[in-house]
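Welcome to a short set of exercises on a protein and its ligand. Have your viewer open, try each task yourself, and then compare with the worked solution.

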Amino acid sequence: VKFVYDFTEGNKDLKDLLGGKGANLAEMTNLGLPVPPGFTITTDACKVYLDSGEEPAALRDEVSAHLDALEQRMGKKLGQADDPLLVSVRSGAKFSMPGMMDTVLNIGLSDKSVQGLAKQAGDERFAWDSYRRLIQMFGKTVLGVDGDLFEDALEKAKETKKVAVDTELDAADLKKLVTKFKKIVKTEAGRDFPQDPRTQMDLAIKAVFESWNGDRAKLYRRQERIPHDLGTAVNVCSMVFGNLGPDSGTGVAFTRDPASGHQGVYGDYLQNAQGEDVVAGIRNTVALAELEQIDKKSYDQLMQIMETLENHYKDLCDIEFTIERGQLWMLQTRVGKRTAGAAFRIATQLVDQGLIDEAEALQRVTGAQLAQLMFPRFDDGARVGQVGRGIAASPGAAVGKAVFDSYTAVKWSRSGEKVILVRRETNPDDLDGMIAAEGILTSRGGKTSHAAVVARGMGKTCVCGAEDLEVDTKRRRMTVPGGHVVEEGDVISIDGSSGKVYLGEVPVVPSPVVEYFEGRMHAGADDADELVQAVHRIMAFADRKRRLRVRANADNAEDALRARRFGAQGIGLCRTEHMFLGDRRELVERLILADTEAEREESLKQLLPLQKKDFVELFEAMDGLPVTVRLLDPPLHEFLPDITELSVRVALAESRQEPHENELRLLQAVHRLHEQNPMLGLRGVRLGLVIPGLFTMQVRAIAEAAAERKAAKGDPRAEIMIPLVGTVQELEIVREEADQVIAEVEAATGTRLKLAIGTMIELPRAALTAGQIAEAAEFFSFGTNDLTQTVWGFSRDDVEASFFTAYLEKGIFGVSPFETIDKDGVGSLVKSAAKAGRATRPDLKLGVCGEHGGDPESVHFFHEVGLDYVSCSPFRIPVARLEAGRAAS
Ligand code: ADP
Ligand code: MG
Ligand code: MG
């Protein structure tokens, strides 16, 4: 294997091997842009080093050969006393990782070569400034010396001299500082700062390798779900100097605005400075546009290069550059990060410029970005009083009174207060409080902390790990930077999309993107905002491309209408249990407890018209589109009174010697129906089979509603879905009864109804016998929530808050299997069941109605395995449409 690539040998597609920085330096070199020569040590070399603790045998020689070639090309040797070649050693992994080690600049300087550099540059100050920077960076990142010690010494030097900025220190001052820095290294690292240039370089390379396994890097990877085995590349790049006086400088730039996407001149420039000075804020930078006055030639050339890069990468790029005495050098570029809104705008702008096509535009945005744009947000103009910032763990904008324990959260929210639950970190005991709160704020923990995982699962706004906030739950208060104390009951606002925390109430505005989907804002209108126009166009691209249809989970006409506005092509799951609550509960109770046939008939007769009315409304709202109605699914006891409450009532009545026959009878029934494990008990099709008349009443309501809609010249397209089927026999029995009822309704009304009957696939046995089940089913809908529970053998309500955090931290899950489909387990059952079902019945319709239907990664999976549609909650529909389009392009 080859471990070292010259910048002329690589290209932008070799990010796995050369890291992002190395691959793009090579790409720019080959584009003919002015990149200081250098070479890249591969991630393979890093992997060998990390596995074996030693550099691969061939590496040293390869580095020597490349260094020789570089020296020859530059006409000087690394660290040469009279005219030293200097290099930077820069880390660069496949994904940019802010937690990694910093770069070491000016390698090759020593007590001797600093004199040579001074003479060559004709600038004593510059040489000593470069040397002190080397010792500082090398000391900190290679030798592990506390960086503050150097900073403090620098501050002191400025104080002694009574100057404000580092450029006012002269050569003599800097020389003294170098002596001081060397002393710091000696005491702190227990060794002298190495004078041999090659030793400096080799130690720096090793330090970069090792930084891959540093705590910060590991934590960052875990949070961002970057694999731990990629390793980092190391770039050795000949130095150019922005600190050679006022005709030199360094800067950063974007080819367009990463916040709005607008083309223009965006960036910062700092004269007479090196490397990190621009972003470190040590002196005031100027806007990039001012470079035109400072150095017109370099400015024009930079604009030219930015255009070249955009046309080449066909995307927004960010850039690091340095000007050395009027000569422009490119030090880095990459496709730049952008806000969610800018991603949509830029994608459509690039289409308009003819740089990319619609399919490519879809790859430039994500469903997660769209979801982000759909959350209500804080009014930009009113964002004042920011007091802290944590990790944006679960998006949204939440305002409420700060409370510091779950008990208070629940109590206050019951009395109508909006609260934000503030904790150092949360644990399973906080669950009630989290549910009661508008949002959750913690001062500890990252994206996989308990608070973050649970909040995301609940769709609740959460900011976690806001470390500058001092939370004191005992005294029910938190102290913010600057010392202000937030007491229990003080209003705070948290932004789960940016991680920002504000004092007081920040006004919330609805998302313009939701206003658009709701039809309250039109993309074509003259004043429509650019973002809405961009979203509108991207959605059209996605709808043209996608093969998957998108349906909604909706139980009533209101949700159905919203879903339609959001682009739903039908209802994939209407849960009828929601129609059995409220006043109707008593009717159901009577049905369950009926002793005689007549009593049962009576309750069913009363329920029928109520159910029918619900369906008529739903079919009208979804006229012309399929509506899948699931027959009653939840455990029976959910419709009966609470066991404890009832026991108390009976006991009271007894002690007062009041009549309580009914209560007693009810209590006995509740006891009889009580289940240890309701999720695996009497529910779904089992209910239909043991309570005579229940399912047929529901089927009759559906059929009569459909007939009524037909009579009204509507186009109802009902599909009847049987839940929790484990074997085809269950389905056959229910189906036979249903067919008979439908035939009766058809005969009575004189209409042909064409009602499809199908089943949910949500038990492993159903998936395993899908070929048989398909004989009795016209469609399958994969209930991936229950299927995930039954395949893994855990109940969602019980486990998510208890051990998922531990599982995520240990890396057992990358992400909760309830959030993203577990492809290898649950997914493989979906795949084989789909195949077996279609083998039996080629026109079997296949869909999914679990929450995975709105999850981006899962949507791609369902596309791949060839399902016909996904169904999700109304608000996720645009996300599912977009991802289905992305999956198909
Ligand atoms: P990061 O990944 O943190 O941006 P870089 O490797 O890009 O680290 O380097 C940090 C800073 O040093 C950047 O401002 C970069 O432009 C500058 N730099 C890196 N190598 C050189 C070099 N050979 N000559 C001049 N400046 C350099
Ligand atoms: Mg950089
Ligand atoms: Mg289910």
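**Exercise 1. A span and its ends**

How far apart do the end C-alpha atoms of residues 417-499 lie, and what are the helix and strand percentages of the span?

Solution. Keep in mind that the model is predicted.
- Begin with the record: an unreviewed UniProt entry places "domain: PEP-utilising enzyme mobile" at residues 417-499.
- Next, take the two ends of that span, whose C-alpha atoms are 23 Å apart.
- Finally, look at the secondary structure, which comes to 18% helix and 33% strand.

**Exercise 2. Two further annotated spans**

Work out the end-to-end distance and the helix and strand content for residues 533-885 and for residues 290-341.

Solution.
- For residues 533-885, the unreviewed UniProt entry lists "domain: PEP-utilising enzyme C-terminal". The end C-alpha atoms are separated by 18 Å, with 54% of the span in helix and 11% in strand.
- Residues 290-341 belong to a feature in two pieces: the unreviewed UniProt entry gives "domain: Pyruvate phosphate dikinase AMP/ATP-binding" at 56-284 and 290-341. Over residues 290-341, helix makes up 46% and strand 33%, and 28 Å lies between the end C-alpha atoms.

**Exercise 3. Domains and the ligand shell**

Find which domains each give at least three residues to the shell around ligand 1.

Solution.
- Start from the division of the protein: domain 1 (70-238), domain 2 (249-335), domain 3 (376-509), domain 4 (546-635 + 675-887) and domain 5 (636-674). To get a sense of the layout, note that the C-alpha centres of domain 1 and domain 5 are 78 Å apart.
- Now list the surroundings of ligand 1: there are 16 residues, the closest being Ser88, Arg90, Thr103, Gly275 and Leu331.
- Sort the shell by class, and you get 6 nonpolar, 6 polar and 4 charged residues.
- Then ask about strands: S3 (87-93), S5 (232-238), S9 (317-324) and S10 (327-335) each contribute at least two shell residues.
- The answer follows: domain 1 and domain 2 each provide at least three residues of the shell.

**Exercise 4. An open sheet of 8 strands**

Trace the strand order of the 8-stranded open sheet, and then place helices H16 and H18 on it.

Solution.
- The order reads S12-S22-S21-S14-S15-S16-S17-S13, with mixed pairing.
- At the edges are strand S12 (386-389) and strand S13 (391-394), each of which pairs on one side only. From one strand to the next, the twist averages 30°.
- Zoom in on one pair: S15 (residues 419-423) and S16 (residues 439-442) run parallel, over 4 bridges. Here Arg423 is found opposite Thr442 in S16.
- Add the helices. H16 (residues 406-414) crosses strand S14 (397-403) and S15, at about 180° to S15. H18 (residues 450-458) lies across S13, S16 and strand S17 (461-464), at about 40° to S13.

**Exercise 5. An open sheet of 3 strands**

Identify the edge strands of the 3-stranded open sheet and the partner that stands opposite Arg477.

Solution.
- The strand order is S18-S19-S20, and the pairing is antiparallel.
- Strand S18 (470-472) and strand S20 (485-487) pair on one side only, which makes them the edge strands. The average twist between one strand and the next is 20°.
- Follow S19 (residues 477-479) to S20: the two are antiparallel and joined by 3 bridges.
- Within this pair, Arg477 stands opposite Glu487 in S20.

Terms used:
Residues are numbered from 1 along each chain as its sequence is written. Chains are lettered from A and ligands numbered from 1 in the order in which they are written. This is a predicted model: local features need pLDDT of at least 70, side-chain atom pairs count only at pLDDT 80 or more; totals for chains, interfaces and linings use all residues. Domain bounds come from an automatic or database domain assignment. UniProt positions are given in the numbering used here, feature names are shortened, and annotations may be inferred rather than shown by experiment. A residue is near a molecule or strand if its C-beta atom, placed from the backbone, lies within 6 Å of it. Ala, Val, Leu, Ile, Met, Phe, Trp, Tyr, Cys and Pro count as nonpolar, Asp, Glu, Lys and Arg as charged, and the others, Gly among them, as polar. Two strands pair if DSSP finds at least two bridges between them. Axes are lines fitted to C-alpha atoms, for helices over the stretch in contact, and angles run from 0 to 180 degrees between N-to-C directions. Two residues are in contact if their C-beta atoms, placed from the backbone, lie within 7 Å.
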